[in-house]
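Visitor: Could you walk me through this one and explain what earns each label?

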Number of protein chains: 2
Amino acid sequence: MIKNFSTIPAGIACPMVSFVNLISGKWAIPILYRMIVIDEPVRFSDLQRAVHPITQKELTRQLRQFESRGLVTRQVFAEVPPRVEYQITALGKSLRPTLDSLAEWMLENEGRLGD
Amino acid sequence: MIKNFSTIPAGIACPMVSFVNLISGKWAIPILYRMIVIDEPVRFSDLQRAVHPITQKELTRQLRQFESRGLVTRQVFAEVPPRVEYQITALGKSLRPTLDSLAEWMLENEGRLGD
DNA sequence: CTGAATCCGATTGGATACTG
DNA sequence: CAGTATCCAATCGGATTCAG
């Protein structure tokens, strides 16, 4: 017998919609997780090397988005050659346990997935 | 002082890339989480009502994808009117702790996010 | 009821060239 | 080095129509 499905509050899934809005796209999670693991200021070019093969354009876009959300900070040094360092914030770091869990699940179950 | 970034194995972020490939898109996580919470066979139309305002096309596409990955099952009943029931698999359910953690983080931190 | 098919606009994301 | 600007292809995703 199937329970009356409509009795389940529609709001349950809403955090998930918010989450997808927060970190959607091909590179968002990989970038964020990498920065969490690093947990130190990191230069743009180093980050690009670490998260490859991401393009400059994509990396820039995602970093700007994270910055506006308060997940990472951006510090510009008035030098030649220019140096810009990005770093994960406390808020960003608070995502670590969740993302760890996610990575672990993937490592454990990748082999079981179809296709 | 900045650690030499290139010493960090590039493989660390790979599970994340796999994860994004598994459940990317606007509706994938909301659908999956909803089915996990239900944990019972659910009809197509009920699911569409629960995860709104998703279109038929999108719901169909995502369900087919999940089916091919082994995250949900699809059972067709030869009736008039036709009935099709989808249900989360054990593999799909094993994602629950991770997705719970994700939902909780979102509920706790939604207010702290910029923009 | 459960789709498949089609059309369409919006968004994503890669490649490349250029700049301070 | 750290971007910006431009072009382009592919995908995403909504609206609508049709079919078994």
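Visitor: Why is Arg96(B) called partly exposed?

Guide: Its relative accessible area is 33%. Buried means under 20%, exposed means over 50%, and partly exposed is what lies in between, worked out with a 1.4 Å probe on protein chains only. Arg96(B), at 33%, therefore counts as partly exposed.

Visitor: And what makes Asp100(B) and Arg96(B) a salt bridge?

Guide: Their closest N and O atoms are 3.2 Å apart. The label asks for a side-chain nitrogen of Lys or Arg within 4 Å of a carboxyl oxygen of Asp or Glu, so this pair qualifies. The two residues sit 4 apart in helix α6 of chain B, which means about one helical turn separates them. As a rule, an α-helix has 3.6 residues a turn, so residues three or four places apart point the same way. Salt bridges with shared partners also tie Glu79(A), Arg83(A) and Glu85(A) into one network.

Visitor: Before we go on, what sort of model is this, and how do the labels work?

Guide: Residues are numbered from 1 along each chain as its sequence is written, while chains are lettered from A and ligands numbered from 1 in the order in which they are written. It's a predicted model, where local features need pLDDT of at least 70, side-chain atom pairs count only at pLDDT 80 or more, and totals for chains, interfaces and linings use all residues; side-chain values use heavy atoms, leaving out hydrogens and water.

Visitor: Which other pairs pass the salt bridge test, and how many are there over all chains?

Guide: The structure holds 12 over all chains. One of them joins Arg49(A) and Asp46(A), at 3.0 Å from N to O. Both belong to helix α3 (residues 44-50) of chain A and are 3 residues apart, so about one helical turn separates them. Another links Glu58(B) to Arg61(B), with the closest N and O atoms 3.2 Å apart, and these two lie 3 residues apart in helix α4 of chain B.

Visitor: Are those side chains buried or exposed: Arg49(A), Glu58(B) and Arg61(B)?

Guide: It's a mix. Arg49(A) has 54% relative accessibility, so it counts as exposed. Glu58(B) has 18%, so it counts as buried. Arg61(B) has 45%, so it is partly exposed.

Visitor: How do you know how many disulfides there are?

Guide: A search of the whole structure finds 0 over all chains. A pair of cysteine sulfur atoms would have to be within 2.5 Å to count. As for individual cysteines, Cys14(A) is partly exposed because its relative accessibility is 44%, and Cys14(B) is partly exposed because its value is 44%.

Visitor: What makes chain B and chain A an interface, and what is it built from?

Guide: 52 residues of chain B are in contact with 51 of chain A, contact meaning heavy atoms within 4.5 Å. Between them the chains bury about 4,800 Å², 73% of it on carbon and sulfur atoms. That buried area is the accessible area (1.4 Å probe) that two parts lose on being put together, summed over both. The count of salt bridges between the two chains is 0.

Guide: On the chain B side, the elements giving two or more residues are α1 (14-22), α2 (28-38), α3 (44-50), α4 (56-69) and α6 (96-109). These are DSSP runs numbered from the N terminus, helices being H or I over at least four residues and strands E over at least two. The largest share, 9 residues, comes from α6(B).

Visitor: Why is α2(B) called mostly covered?

Guide: 10 of its 11 residues are buried, among them Ile29(B), Leu32(B), Tyr33(B) and Arg34(B). Just after the helix comes Asp39(B), with a positive phi near 55°.

Visitor: How do you know Leu59(A) is buried, and what does it touch?

Guide: Its relative accessibility is 0%, so Leu59(A) counts as buried. The residue lies in helix α4 of chain A and touches Ile31(A), Phe44(A), Leu47(A), Gln48(A) and Ile54(A), leaving aside residues up to four places away in sequence.

Visitor: And what is chain A made of overall?

Guide: Chain A has 6 helices and 3 strands, running α-α-β-α-α-β-β-α-α from the N terminus. Of its 115 residues, 45% are buried.
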